[in-house]
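Here is a short note for a colleague who is opening this structure for the first time. Please read the points with the model on screen.

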Amino acid sequence: MDARSTRMPFADYTLQAAIRQLPDRVIIKDTHSRFITCNQRFADDLGIRIEDIAGKTDHDFFPPALAASYQADDQKVIASGVAVVLQEPYMLDGKHCWLETSKSPIFDDAGLCIGLTVIFKDITQQKQDHDEMQRRAWALQANSRTNQALVQASDEQALLQAVCDAIVADQRYPLALIAGMQDLQQQRLQVLTAAGTAHAYSEQLDIYWSKDSASNDGPIASCIRQGNTINIHALEQHPSFQPWKALASQHGLHAIVAIPLVAGPDLICALAVYGGAEQSFSPVEVQVFEELTRNVQFGIQSRRTRVAYQQSLQEQAAHAQVLENALEKALAAIASVLEQRDPYTAGHQKHVAELAVLIGQELRLDAHRLRGLYLSGVVHDLGKIEVPAEILSKPSRLHPVEFALVKRHPEVGYHILKNIDFPWPIADIIRQHHEYLDGSGYPLGLSGKSILLESRILTVADIVESMSSDRPYRAALGIGQAIAQIRLMRGTQLDPDVVDACIRVLERGDFTPHLLTLEAGD
């Protein structure tokens, strides 16, 4: 052993070697926030050798304000002796990214803090995934509140105001307004109603319909004229928005989605929802707002029928059915995003939902539970939205890592829907649809009666539909094999009553498998 190797125990060299190879960035500092060492990932980020970092500080590598912030956090940890975890944004190659930083004190044998360990990792994708799910939840909650307004509003003006109030209720969106005209001869669009923290913007808004006006090409007038949705991600940079640029910036409005809302020749308008940041509206949010607008159109048109449905129980029941259909369409719209990514299994969720209802009818579930069962089936694979399309449509056996990613979909679907106030436990139903009676399922390992009945029904329907329907990479295995499979699993993994009910449905021929081959003349 040479002289240099005796300077530090072998265990210390081993520890340094392990730290240097960790996938996260790792730094060790002394109590003055001076670097002692780091791992290879951090050194590569700075473009230096590990050996050259000792004695340097954050000020040697980062802008003064950022370096001072890092050191202030260091000193809080050193002074308190308590670890902290921070999430903070940063720019990388012109892109907005996110870091999660953990800072932990290092103590000597006497319990004195002699430095700290800093570990940080890039959580940009995780943050983006969470934000996308949150956006869906926000939009769906706004849709749900709007559906309630359709029932509760006393008149048409109250309905329009309630729609705007519902959209901005959780302050996710700073402004929602409805602007329009009573006939095509009007030159100026009128703001009919508005709500939100930027309400003052709507009071100063001038929008002209005339093609001779410079303000006729804005998003609201354009969406009415063209009859389609306008989604502008960055208002200040969009050439058609220049007449309102300064006013919008003053009120913190940086994005807009405008959707035509036409309820007869005397009400031609648009719903406009504004975002407080660029890129505020994802495609799924826009889709939900389009569904919301169609619901509002229906609500207004219903109020204008000769029979005042407010005084008729039959009309109220019909309206409630429309709202329930709107909920179904909202869920189906989200499910269609998944099926667009995975055309090989397009229609699978709907077919599972249909078979599940047949089984539920056989088990004598009431109409309310059957409706919840159907809607749960329509979105039971929603969580696969986070699974890469090439894995979903892979014709061969999945690698264990790929399968582990697919197995996350019940949990992901649950988190997307859990905060929406459905009349049924839809989030829990889809979370449990891969659980087995013997506890061998996932993701929770539930067993027996702790699994919801609706989930037990979906489990059987999912197996049967998958086996009995065609796939582009294999022909249908047939009803016979599907029956044999669920009989094999009956009583151990699958609910025996559900299996027996399903077999009765199949043997009567009530369920038709999803066959891809089209017969001549169809």
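**Notes on cavities, sheet and buried residues**

1. The residues lining the second largest cavity divide into 5 nonpolar, 2 polar and 3 charged. Here Ala, Val, Leu, Ile, Met, Phe, Trp, Tyr, Cys and Pro count as nonpolar, Asp, Glu, Lys and Arg as charged, and the others, Gly among them, as polar. The lining is made by Glu-435, Tyr-436, Leu-437, Ile-451, Arg-456, Thr-459, Val-460, Gln-493, Leu-494 and Asp-495. About 40 Å³ of space lies inside. A cavity is a set of points, on a 1 Å grid over the protein atoms alone, where a 1.4 Å probe fits but cannot get out; lining residues have an atom within 4 Å of a point. Grid points are joined across faces, edges and corners, and the volume is the space filled by probe spheres set on the points.

2. A word on the basis. This is a predicted model, in which local features need pLDDT of at least 70 and side-chain atom pairs count only at pLDDT 80 or more, while totals for chains, interfaces and linings use all residues. Residues are numbered from 1 along each chain as its sequence is written, and side-chain values use heavy atoms, with hydrogens and water left out.

3. Now the chain as a whole. Its secondary structure comes to 19 helices and 11 strands. These are DSSP runs numbered from the N terminus: helices are H or I with at least four residues, strands E with at least two. Of the 522 residues, 46% are buried. Buried means under 20% relative accessible area, with a 1.4 Å probe and protein chains only. Among contacts between residues at least 6 apart in sequence, 56% join residues at least 24 apart. A contact means heavy atoms within 4.5 Å.

4. Thr-459 is one of the residues lining the second largest cavity. Thr-459 sits in helix α17 (residues 453-468). Is Thr-459 buried or exposed? Its relative accessibility is 5%, so Thr-459 counts as buried. The side chain of Thr-459 reaches the backbone oxygen of Ser-455 at 2.8 Å. Beyond its neighbours within four places in sequence, Thr-459 is in contact with Gln-432, His-433, His-434, Glu-435, Tyr-436 and Leu-494. Take His-434: 25 residues separate it from Thr-459 in sequence, yet the C-alpha atoms are 6.1 Å apart.

5. How many cavities of 30 Å³ or more does the structure hold? There are 2. The largest has about 50 Å³ of space. Its lining consists of Tyr-201, Leu-205, Ile-207, Gly-218, Pro-219, Ile-220, Ala-221, Phe-241, Trp-244 and Tyr-274. By class, that is 9 nonpolar, 1 polar and no charged residues. Helix α7 (residues 219-226) gives the most to this lining, with 3 residues.

6. Next, the sheet. Six strands form an open sheet in the order β8-β7-β6-β11-β10-β9, with antiparallel pairing. β8 (207-208) and β9 (230-232) stand at the edges with a single partner strand each, so one side of each is left without a neighbour in the sheet. Two strands pair if DSSP finds at least two bridges between them. Strand β7 (residues 188-195) pairs with β8 over 2 bridges. There, Leu-189 has Ile-207 of β8 as its bridge partner.

7. Strand β11 (residues 268-275) deserves a look. Why is β11 called largely enclosed by the rest of the structure? Because 8 of its 8 residues are buried. Ile-268, Ala-270, Ala-272 and Tyr-274 point one way, Cys-269, Leu-271, Val-273 and Gly-275 the other. Strand β6 (residues 175-181) joins β11 through 7 antiparallel bridges, and Met-181 is partnered with Ile-268. Strand β10 (residues 255-262) joins β11 through 8 antiparallel bridges, with Ala-255 partnered to Gly-275.

8. Thr-293 touches Leu-271 of β11. Its other contacts, not counting residues up to four places away in sequence, are Ile-259, Pro-260 and Leu-261. Thr-293 lies in helix α9 (residues 283-303). With a relative accessible area of 1%, Thr-293 is buried. The side chain of Thr-293 reaches the backbone oxygen of Phe-289 at 2.9 Å.

9. Last, helix α15 (residues 409-417). Here 7 of the 9 residues are buried, so α15 is largely enclosed by the rest of the structure. The buried residues are His-409, Pro-410, Val-412, Gly-413, Tyr-414, Ile-416 and Leu-417.

Terms used
Buried means under 20% relative accessible area, exposed over 50%, partly exposed in between (1.4 Å probe, protein chains only). A polar contact is a pair of N or O atoms within 3.5 Å; within protein, one must be able to donate a hydrogen and the other to accept it, and residues adjacent in sequence count only if both atoms are side-chain atoms. On a 1 Å grid over the protein atoms alone, a cavity is a set of points where a 1.4 Å probe fits but cannot get out, and a pocket is an open set with protein on both sides within 12 Å along at least five of seven lines; lining residues have an atom within 4 Å of a point.
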